[in-house]
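Colleague: I would like to go through this model with you and ask how each description is justified. Could you show it to me before we start?

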Amino acid sequence: MTRRLLLLTTTALSLLVQHAAGIGQETCVSFQSSSSSFSVVSGRRAAPVLIDQADWPGVQLAAADFVADIERVTGVKPSFRNVTTSNLQASGSQTPIIIGTLGKSPLIDQIVNTTGLDVSSIRGQWESFLSRRVENPLPGVSSAYVIIGADKRGTIYALYDHSEQFGVSPWYWWADVPTTKQSQLFVSASGCSHGAPTVKYRGIFLNDEQPALQSWAQEKFTNGTGAPFNHLFYGKVFELILRLRGNYLWPAMWSGKFAVDDALNQPLADFYGVVMGTSHQEPMMRSTPNEFTAGKWDYSTNSDAIKQYWLEGAQRARPYESIFTLGMRGFGDLPLSEDTNIQLLEGVIADQAVILKQAFGSDVDISTIPQVWTLYKEVEDYYTNGLQVPDYVTLLWSDDNWGNIRGFPPASQRNRTGGAGVYYHFDYVGDPRNYKWIISTQLEKVHEQLSLAVARASTQLWIVNVGDLKPYEREIEFFLNYGWNSTRWTHNNINQYVSSWAQREFDVSAATATTITQIVGNLTRFNSRRKPELWNGTTYSLINYREAETVLAGWSTLLDASTRIYNSLSQSFKPAYFQLVHHPVLASANLANMYVSAGLNSVRAVQARLSANTLADTVERLFDVDYDIETQYNGLLNGKWNHIMDQTHVGYDYWQQPMQNSMPPITRIQARKQALAGVMRVVPEGTFGSWPGDNRHNCRDGYNCPDWTLTINNFDDFNNRYVDIGAGGPASFQYTAVANASWVRLSTSRGSISPKGKVEERVFVSVADWSQLQDGANPAKITFTATSSGYQPLIVNVNFVATKNVLPSGFKGFVESKGVISIEAAHTSRNKAVDGTTWTELPGLGRTLSAITPLPRNDQSFEIGAGPTVEYDFVNFNTIAGSGNLTATVYLSPSLNAATDQKPLALGVALDSGTPTRVQPVPASSRRGDPPGWGSANGWVANSINTQTVLFTGVTPGAHTLKISMVETAVVLQKIVINAGGLADSYLGPPESRIV
């Protein structure tokens, strides 16, 4: 897509929200009349709604919702009638809305036949629809607005599409989004239309439903006994799926037996028009293991019982629209036994084909029955090692449970009649850590991965694991919306999606919606850097690059912005905003503060600082606040959502959820006892050490250590350094700070510290005027002196060295600071396209700013150094320990070798005119498990980044150019860090270096 066309598309999408509340749809609804519009409601009169009684039950149900939605918006309820062509005139309807399905509604068929209405654009097209104003469509009807679907769901989607544009959110019940009232409703004469969707089957998987969803459903849909996931529960789910233009469901599995728990569940799904399936580990429409009681789940020893079990499931599902899961896994979603072989599984799938023939009859071509085989974990390994399934079976490729898709069909296999699809996750239970508490997925990441699925023809079926469904509302809608029409959302307009969503859900101005978009973008960025379940007190560096402080400042800014919006909303919109935006901000910010406070508590105790006790109090308070926030959510709207936030999330010590939240460990110093080294604790920036006295962090030996040296340079990230002055016990003291050089600027020269008042103070040190300094190192000394009644004066010196570096003449680019050059990948010096492929920014994606990736995505490969290339000019003043060595570390999204291990992800990295080094971030490995480096609490999937380091030798200080070239597509580059000898530990890497 050209930049100009992309801009026009984005502009058109932004205009939609000014007229109607739909997200990304072609708009046909307005709230003011025009010469060509059709009146739905005006002057307190509503156009009657007519539908043929022969149409699908699900269409009848959606039409009733359509009528109710009109009343929700206008307060006027249209008359709603089932009619036939023979009794139409008796209705006396002059300008009705007529709803129906081609080939199922005689009323619609007659209109098409008698008026010549052109429906060729949708006839025979899966789930397509159109609407038009038609003159004299039927005898006695002067004009009508007809809403026509090519099939059952086409008509249903047409109705819900209009409802959304009227102003009824799909989440009106599930997230309590109010409906903005309008006195008038009109539709354009040309109406709305939509062709076949990008993805044929688009669904959600309810999973890991304890403790939240199951407990909530038990309370709300039963009298305390019986199965919680009954037809009352699923009726709400089915309507939501259809309003979101989904069509497919894997039902709750761990405590559910969909077809057994409530005999109405299965027929109700078909009544609504929702296609049912079962998860990747539940073959043949049976809820396994919950339904299976006929002995051991072992096909080699108990195949007759298992085949009978599957036959009963197929026969039970035969009357309904279903997709049959094939294959077999072990109980509990585990692999089968170690000696399971390809021949056994091929036999299983062959037997399942026979069972389908038995269930549906010998006259039925079983290739017409939708079937899916999920390549999940070890099953993918079986496939890549030769296990064959019939061509008509859909191959469902899985992600790694963390949003990184493991594989796609190679070009040679993209013409299979069954096609391919994707099994994706917003929620997961397993290694390296459960994540099922709160949203921690970026929409930008979802789009990046799913756009690859579109590019690689994996569009037959998409299913996403949504856990408890709440609190992933926005992300679920995007997943289904993108599957409905992938052309509407690009890497450049994800923000427009969120802005449109905010305007629809909260009826706010475009400006406020922009602020909400920024809040959502930062919320999901902060939580996806590392899942909250993986946070601890040292996730972010407590001493380097002011990382933890910067992270908390980001959360504080985010919370302030969200709180301002929450407080500005009317009471009717606050519950929805709380659920969808404010709660995850509030809860996550509180948790982040608690963990950083716990980390600082531990550090300050070792440093003999009295403020350790204050931080211990803070941790205890925030731990209590965590539960307050949980109960605030559960208590919304008189407890409508009680239990939805029951998920434990504090105190993990391995992958599984803790049985109870447990506070991070804290410690205290004896507040009434004075520190051995005296009344004053001096802690310069960048060290775990403390002065005066001994501390193992003060120097290598841990005793008799020299004074600490602070360094700064004229291209520094922060323009200052700090020294913390604090109490070491019960004694109060006064202190002075004096520098021995006039160019040293101190934020304060004196202060008072008291255990009952200010227990600490931060003194900032900077350079008053760099022009007064000579080139190179300029040393100075700052002397801190404490005086306290009953104690001898206490003196601590801190060295301060300011280095004034000089740039090469005419240099433009990134400048080293403290032995590091840090670069955000989007900030290129040059970007060279090759054969129409170029590195392109993915705004908002990643841990810090954005990312870049080669677009368009295709199967093209390049020799190393010959592909599209981005260049970064930088200057270094140092090399590592003066050795002439530099390292360049590329920070890559944790994508996998989705193009098969024969074409693994790869890129080239070169310095100046040197030979590029091939970087392959993911080793080729068995598809049975995860690749080396993926796992553990500090693996690259947990860290949400894959870092790869290249060594350059024989480098001199001066101007250089780093070059990164595409080898294989789908590499996503977020950041580059060049180490010239000063790189310190941190989670996110150093902040970006200064650009001149």
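Modeller: What follows is a set of questions about helices, sheets, cores and single residues, and the model we are discussing is a predicted one.

Colleague: Happy to begin with the helices. How do you know that the length of helix H12 agrees with what is expected of a helix?

Modeller: Helix H12 covers residues 443-455, which is 13 residues. At 1.5 Å a residue the expected span is 18 Å, and the end C-alpha atoms lie 18 Å apart, so the two agree.

Colleague: What makes you call H12 largely enclosed?

Modeller: A residue counts as buried when its relative accessible area is under 20%. In H12, 11 of the 13 residues are buried, so the rest of the structure largely encloses this helix. Among the buried ones are Leu443, Val446, Leu450 and Leu452, and charged residues such as Glu444 and Lys445 are in the list too.

Colleague: Which elements do those buried residues pack against?

Modeller: Their partners are strand S17 (420-425), strand S18 (461-467), helix H13 (473-484), helix H14 (494-506) and strand S31 (838-843). H12 lies across S17 and S18, and its direction makes an angle of about 165° with S17. Just after the helix, alanine 457 has a positive phi of about 60°.

Colleague: H14 came up there. What makes you say that H14 is mostly covered?

Modeller: Here 12 of the 13 residues are buried, including Tyr497, Trp501, Arg504 and Phe506. From first C-alpha to last, H14 reaches 18 Å, close to the 18 Å expected. Aspartate 507 follows H14 with a positive phi, near 50°.

Colleague: Why is H4 called roughly perpendicular to H6?

Modeller: Helix H4 (residues 152-166) and helix H6 (residues 231-243) pack at about 80°, with their axes 9 Å apart. Angles of 65 to 115 degrees count as roughly perpendicular, and so H4 is described that way relative to H6. On the H4 side the contact uses Arg153, Ile156, Tyr157, Tyr160 and Ser163, and on the H6 side Glu239, Leu242 and Arg243.

Colleague: Now the sheets. What makes S13 and S14 edge strands?

Modeller: They belong to an open sheet of eight strands with parallel pairing, in the order S13-S12-S11-S18-S17-S16-S15-S14. Strand S13 (275-276) and strand S14 (324-325) each have a single partner strand, so one side of each is left without a neighbour in the sheet.

Colleague: How do you know that S14 is paired with S15?

Modeller: Pairing takes at least two bridges, and S14 has two bridges, in the parallel sense, to strand S15 (residues 371-375). Phenylalanine 324 has glutamine 371 of S15 as its bridge partner.

Colleague: And what is the strand order in the open sheet of four strands?

Modeller: That order is S19-S21-S25-S23, with antiparallel pairing. Strand S19 (680-684) and strand S23 (744-746) are at the edges; each has a single partner strand, so one side of each lacks a neighbour in the sheet. On average, neighbouring strands here are turned by 25° against each other, direction ignored. Three bridges join S23 to strand S25 (residues 760-767), and arginine 745 stands opposite serine 766.

Colleague: Which residues touch the most other members of the largest nonpolar core?

Modeller: Phe233, Phe506, Tyr872 and Ile964 do, in a core of 209 residues. Helix H17 (residues 574-606) gives the largest share of this core, with 16 residues. Another core, of 35 residues, lies apart from it and includes Trp691, Ala727, Ile753 and Val765.

Colleague: Two single residues to finish. Why is tyrosine 566 called buried?

Modeller: Its relative accessible area is 19%, and the cut-off is under 20%. Tyrosine 566 therefore counts as buried. This residue sits in helix H16 (residues 547-568) and touches Lys574, Tyr577, Phe578 and His582, leaving out residues up to four places away in sequence.

Colleague: And what puts proline 432 in the buried class?

Modeller: Proline 432 has a relative accessible area of 8%, so it is buried by the under 20% cut-off. Proline 432 is in the loop between S17 and H12. Beyond its neighbours within four places in sequence, proline 432 contacts Trp402, Trp655, Trp934, Ser936, Ala937, Val941 and Ala942.

Terms used
Residues are numbered from 1 along each chain as its sequence is written. This is a predicted model: local features need pLDDT of at least 70, side-chain atom pairs count only at pLDDT 80 or more; totals for chains, interfaces and linings use all residues. Side-chain values use heavy atoms; hydrogens and water are left out. The expected span of a helix is 1.5 Å times one less than its number of residues. Buried means under 20% relative accessible area, exposed over 50%, partly exposed in between (1.4 Å probe, protein chains only). Contact means heavy atoms within 4.5 Å. Axes are lines fitted to C-alpha atoms, for helices over the stretch in contact, and angles run from 0 to 180 degrees between N-to-C directions. A nonpolar core is a set of buried Ala, Val, Leu, Ile, Met, Phe, Trp, Tyr and Cys residues joined through side-chain atoms within 4.5 Å. Angles under 35 degrees count as roughly parallel, over 145 as roughly antiparallel, 65 to 115 as roughly perpendicular and the rest as oblique.
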